[in-house]
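Please read the following account with the sequence and the model side by side, following each residue as it is named.

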Amino acid sequence: MMQANELIAEVLRSSISIPHGDTPLAELEGWDSLKGVRLVLRLEEIIGRELSEDDIERLRSVHDVERLLKVT
């Protein structure tokens, strides 16, 4: 199973160290709205379903990505 920090680094196309926990995605170096769209698309691909609007709205931190990845 892919880890949240690996997925976020892939989306950012960067090798920077991604912190764990409640770090807001918006505070990550290089984060922008396009990266948010890429993250949603990759999460949907990985978990095998379309994310609900609620899932997407709650996708604000590294922890939120971890939570969605554990659903798979």
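Arg58 has a relative accessibility of 45%, and because values between 20% and 50% are classed as partly exposed, Arg58 counts as partly exposed. In this predicted model, Arg58 forms a salt bridge with Asp55, with the closest N and O atoms 3.3 Å apart. Asp55 also forms a salt bridge with Arg49, where the closest N and O atoms are 3.1 Å apart. Asp55 itself, at 8% relative accessibility, counts as buried, whereas Arg49, at 34%, counts as partly exposed. Salt bridges that share partners also join Glu10, Arg42 and Glu45 into one network.

The structure holds five salt bridges, and one of them pairs Arg42 with Glu10, the closest N and O atoms being 2.6 Å apart. This pair links distant parts of the chain, since Arg42 belongs to helix H2 and Glu10 to helix H1, with their positions 32 residues apart in sequence. Glu10 counts as partly exposed, its relative accessibility being 35%, while Arg42 is among the buried residues of H2. Side chains of opposite charge can pair when their charged atoms come close.

Helix H2, which holds one side of that pair, can be checked for its length along the chain. At 1.5 Å a residue, the 15 residues of H2 should span 21 Å, and the end C-alpha atoms of H2 are 21 Å apart, which agrees with that expectation. Which residues of H2 are buried? They are Lys35, Leu39, Val40, Arg42, Leu43, Glu44 and Ile47, a set that includes charged residues as well as nonpolar ones. The buried residues of H2 pack against H1, against helix H3, which covers residues 53-57, and against H4.

Other residues of H2 are partly exposed, and Arg38, which has its place in this helix, is one of them, with a relative accessible area of 25%. If residues up to four places away in sequence are not counted, Arg38 touches Val11 and Arg13. Arg38 and Ile8 are 30 residues apart in sequence, yet their C-alpha atoms lie 9.6 Å apart in space. Val37, likewise in helix H2, is partly exposed with a relative accessible area of 46%. Together with Leu34 and Leu41, Val37 forms a nonpolar patch on the surface, and the three residues have about 270 Å² of accessible area together.

From this surface patch the account turns to the interior. The largest nonpolar core has 20 residues, and those with the most contacts inside it are Ile8, Leu25, Trp31, Leu39, Leu43 and Val65. Helix H1 (4-12), helix H2 (33-47) and helix H4 (62-69) each supply at least two residues of this core, and H1 gives the most, with six residues. Two of the residues with the most contacts in the core, Leu39 and Leu43, also appear among the buried residues of H2.

What does Trp31 contact once its neighbours within four places in sequence are left aside? Trp31 is in contact with Ile8, Val11, Leu12, Leu25, Ala26, Gly36 and Leu39. Of these partners, Ile8, Leu25 and Leu39 are themselves listed with Trp31 among the residues with the most contacts inside the core. Val11, another contact of Trp31, is also touched by Arg38, the partly exposed residue of H2 described above.

Definitions and conventions
Residues numbered from 1 in each chain as written. Predicted model: local features only at pLDDT ≥ 70, side-chain atom pairs only at ≥ 80, totals over all residues. Heavy atoms only, no water. Core = buried A, V, L, I, M, F, W, Y, C linked by side-chain atoms within 4.5 Å. Buried < 20%, exposed > 50% of the residue type's maximum accessible area, 1.4 Å probe, protein only. Helix = DSSP H or I, 4+ residues; strand = E, 2+ residues; numbered from the N terminus. Contact = heavy atoms within 4.5 Å. Patch = residues over 30% accessible without salt bridge, like charges linked within 9 Å, V, L, I, M, F, W, Y side chains within 5 Å. Areas by Shrake-Rupley, 256 points an atom, 1.4 Å probe, with all protein chains shown as cover. Salt bridge = Lys/Arg side-chain N within 4 Å of Asp/Glu carboxyl O. Expected span 1.5 Å × (residues − 1).
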